[in-house]
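Got a minute for a quick tour of a fold? Here's an informal briefing on how the side chains pack, with the model right below.

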Amino acid sequence: MNATASATDLRDAVRYTLPLYEMARMRAATCPRRDSAGRFAADHPEAGVRWINHFIHTRQLLGPRHRQVVTPNNDTLYSNAWLDLSQGPLLLDVPDSLGRYYVLGLLDFYTNPFGYIGTRTTGAAAGRFLLHGPGWRGEAPAGATAIACPTDAVWLLGRILVDGEADLPAVHALQDRLRLATPGGAPAARRFDTGMQPGEHLGAGSAQARRYAAIVNRALRENPPPAAEAALVAGFAGHGIGPDCDAGALDEDAAARLGAAIGDVLDELATPLPSDLGGGWTLPVEIRASFGTRFAERALVARNYIGALGVEEAMYVMADRDSTGAPLDGRAGYELAFAADALPQVGAFWSLTMYDKADCMLVDNALARYSLGDRSPGLRADADGGIRLHLSAAPPADPARHGNWLPAPAGPFYVTLRLYVPGAAHLGKTFAYPPIRPVAGAGAATGEAR
């Protein structure tokens, strides 16, 4: 190991490159094997070849039976496309959303949410955009707005607001009008070797270390870091991490050290430290357009909340404790009261979603009600305009309050307050989030759970 490598903390190399691994893993998991015509990208499923520059869409609002991702939202349909701009730019056409909120978030391969197309940034009208990589030089076609992407590999992750099941056909029609093409007008979809299998998961050990190095080294070759970070990345070479490094050449000692560092970093990211907003509320993801040199935070978000938007587009405020500091448990009852002059301040919408803490999934219930918010038709405001939500496994005693009941599991839970296009008070952290207060006589959790 050379002097430069000796001075470089191996765990820093893992923290820096972990987002590349997670993006490669997500790309392999979410790029389709079949294109829109039903053609397979490869002859056998073991191949890592998938279709890229190709949209796939969710067609149903997520519920308890959908278990692909943790802490899912129940407000929007997703439209997903992985882009490869190494062979040239792509044209993206978006339809007129007719005033409906939508966003197409753009993430570079280091997970920085660098750009947005949607109602907040580009408006609701139809538009055409030229997405190009860092090495491209040219002029955008007439009528197209150029968007420079920091890396050739880009994740386009879209969300379109849905107002209940009856609204799905209208959203499907918008999804079907999202188009990717080459500047010459040809379909953009093509085969791409992701180099991974969807089921791969990162762990410690020498074999895992070599696999990790192979994946991130390829990512560094295809998506070089910013010039200001090139010297930092060069210092990782002594550990077998770098665009010119051969993961297969790692000897057993070096692979063991890298495996141990991977294990250490995964352990530290398994218990992320939240941002305290008071009243038991936390903001686990606080990013705008780039993490900059906050590499540990970038790794934490990549591992636990990959695909999260920047806070100017959306904030995800979470709580798993009540006003006394005790863990939330559905066998008790709670009230969350927003005063009339202190409702969530958003330019698009807000919602509160319930999750079972045992599996981080939506909570099955007879009402098929997984969230409440400013679009919920049965939600009742108080006479003064305030809104009180009831959180518990059992319905509130007063039938008049059932429209404001968010069913909880009969055990530990947490909630997420989603704020799309949050107002200045949220962004400036001056908004006073109301505490979740136990309701006397509404049930009691066991001592162990509390």
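What follows is a walk through the cores, the aromatic pairs, two helices and a handful of individual residues.

Bear in mind that this is a predicted model. The largest nonpolar core has 63 residues, and a second, separate core has 31. The aromatic pairs come to 14.

**Nonpolar cores**

- In the largest core, the residues that touch the most other members are Trp82, Phe109, Tyr212, Ile241, Leu258 and Ile262.
- Helix α2, residues 10–30, is the top contributor to this core, giving 11 residues.
- The second core is separate from that one, and its 31 residues include Leu277, Phe338, Phe413 and Ile436.
- Tyr212 is worth clicking on: leaving out residues up to four places away in sequence, Tyr212 touches Val14, Thr17, Leu18, Tyr21, Leu202, Ile241 and Ile262.

**Aromatic pairs and clusters**

- As a reminder, a pair of aromatic rings is described by the distance of the centres and the angle of the planes.
- By the pairing rule, there are 14 aromatic pairs here.
- Trp82 and Trp155 make a stacked pair, because their ring centres are 4.7 Å apart and their planes sit at 10°, where under 30 degrees counts as stacked.
- Trp82 belongs to strand β3 (residues 76–84) and Trp155 to strand β9 (residues 153–161), so this pair ties together parts that are 73 residues apart in sequence.
- Trp82 and Trp155 are both buried.
- Tyr334 and Phe413 pair up edge-to-face, since their centres are 5.8 Å apart and their planes are at 75°, with over 60 being the cut-off for that label.
- This pair also links distant parts of the chain, with Tyr334 in strand β15 (residues 333–338) and Phe413 in strand β21 (residues 413–422), 79 residues apart.
- Tyr334 and Phe413 are buried as well.
- One aromatic cluster is made up of Tyr16, Tyr110, Phe236 and Phe295.

**Charges over rings**

- Arg120 lies over the face of Tyr116, 5.1 Å from the ring centre.
- Arg375 places its charged end over the ring of Phe349, at 4.7 Å from the centre.

**Helices α4 and α7**

- Helix α4 covers residues 206–222, and its 17 residues should span 24 Å at 1.5 Å a residue; the end C-alpha atoms are 24 Å apart, so the two agree.
- The buried residues of α4 are Ser206, Ala209, Tyr212, Ala213, Ile215, Val216, Asn217, Ala219 and Leu220.
- Among the elements covering those buried residues of α4 are α2, α5 (230–234) and α6 (252–270).
- In helix α7 (residues 295–305), Phe295, Arg298, Ala299, Leu300, Val301 and Ala302 are buried.
- The cover over the buried residues of α7 includes α2, α5 and α6.
- Gly307 comes just after α7 and has a positive phi of about 90°.

**Positive phi outside glycine**

- For context, most residues other than glycine have a negative phi.
- Ala368 isn't a glycine, yet its phi is positive, near 50°.
- Ala368 sits in the loop between β17 (361–362) and β18 (371–373), and with a relative accessible area of 48% it is partly exposed.
- Lys429 is another non-glycine with a positive phi, about 60°.
- You'll find Lys429 in the loop between α8 (424–427) and β22 (436–438), where Lys429 is partly exposed at a relative accessible area of 40%.

**Two buried spots to check**

- Is Gly386, in the loop between β18 and β19 (387–392), buried or exposed?
- Gly386 has a relative accessibility of 2%, so it counts as buried.
- Setting aside neighbours within four places in sequence, Gly386 contacts Phe338, Ala339, Ala340 and Ala381.
- Gly386 and Ala342 are 44 residues apart in sequence, with their C-alpha atoms 8.1 Å apart in space.
- Ser351 is in strand β16 (residues 346–356), and its relative accessible area is 1%, so Ser351 is buried.
- Which side chain does the side chain of Ser351 make a polar contact with? That partner is Asp75, at 2.8 Å.
- Not counting residues up to four places away in sequence, Ser351 touches Asp75, Leu372, Gly373, Thr416, Leu417 and Arg418.

Technical notes: Residues numbered from 1 in each chain as written. Predicted model: local features only at pLDDT ≥ 70, side-chain atom pairs only at ≥ 80, totals over all residues. Heavy atoms only, no water. Core = buried A, V, L, I, M, F, W, Y, C linked by side-chain atoms within 4.5 Å. Buried < 20%, exposed > 50% of the residue type's maximum accessible area, 1.4 Å probe, protein only. Helix = DSSP H or I, 4+ residues; strand = E, 2+ residues; numbered from the N terminus. Contact = heavy atoms within 4.5 Å. Phe/Tyr/Trp six-rings, centres within 6.5 Å; stacked < 30°, edge-to-face > 60°. Lys NZ or Arg CZ within 6 Å of the ring centre and 35° of its normal. Expected span 1.5 Å × (residues − 1). Polar contact = N/O pair within 3.5 Å; in protein donor to acceptor, adjacent residues only side chain to side chain.
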